[in-house]
Amino acid sequence: MSYDDDNIFAKILRGEIPYNKIYEDDFILSFHDINPQKKIHALVIPKGKYIDLDDFSLNASSEEMVGLIKGINIVAKKLGISTDLGKGYRALTNVNDDGGQEVPHLHFHLFGGEKVGKMVA
Ligand code: AMP
């Protein structure tokens, strides 16, 4: 499967559709999920064209990997849900159909702002 340039997050990265930005740097863009499942529901996406975590794992540079992982922490701090603030959150990424992925551009969901409960079935 090749990367679909028409997916909704590719359009967001190109600035073609509106979004509610939380943070941006050379490696990532973060914005609020349009349909929040918890009090805080943010998305963190790499700027590179990666379909999912497997694609990223196989093809991203070490710099991009560090940028994404560190970016998640930066976003958590900005949202006030990081561990250094005594809080916490769930970071989750869905991979392909079996994993429930709908948008084929790698994204991490960050759920927080409340006790997010047990993992969904
Ligand atoms: P997934 O099922 O893991 O692919 O998650 C896709 C997520 O993208 C869902 O939680 C959607 O609510 C969210 N989403 C879809 N379109 C937009 C958009 N335009 N802006 C922000 N979030 C979106």
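The second largest pocket of this predicted model is lined by M1, I51, D52, D54, D55, V95, N96, D97, Q101, E102, V103 and P104. Two helices, α2 (53-59) and α4 (96-99), are the elements that give two or more residues to this lining. The volume of the second largest pocket is about 160 Å³.

The largest pocket encloses about 680 Å³ of space. Its lining comprises 30 residues, of which D33, N35, Q37, H41 and H109 are the closest to the centre. At least two lining residues of the largest pocket come from each of α1 (8-13), β2, β3 (40-46), β4 (89-92) and β5 (108-112). Among these contributions, that of α1 is the greatest, at three residues.

The composition of the two linings is set out below.

| Pocket | Nonpolar | Polar | Charged |
|---|---|---|---|
| Largest pocket | 15 residues | 10 residues | five residues |
| Second largest pocket | five residues | two residues | five residues |

Strand β2, which supplies at least two residues to the lining of the largest pocket, also takes part in a hairpin with β1, with three residues between the two strands. Strands β1 (residues 21-24) and β2 (residues 28-32) run antiparallel and are joined by three bridges. In one of the pairings, E24 has L29 of β2 as its bridge partner.

Technical notes:
Residues numbered from 1 in each chain as written. Predicted model: local features only at pLDDT ≥ 70, side-chain atom pairs only at ≥ 80, totals over all residues. Heavy atoms only, no water. Pairing = 2+ DSSP bridges. Helix = DSSP H or I, 4+ residues; strand = E, 2+ residues; numbered from the N terminus. 1 Å grid on protein atoms, 1.4 Å probe; cavity = no way out; pocket = protein on both sides within 12 Å on 5 of 7 lines; lining within 4 Å. Points joined across faces, edges and corners; volume = space filled by probe spheres on them. Nonpolar A, V, L, I, M, F, W, Y, C, P; charged D, E, K, R; others polar.
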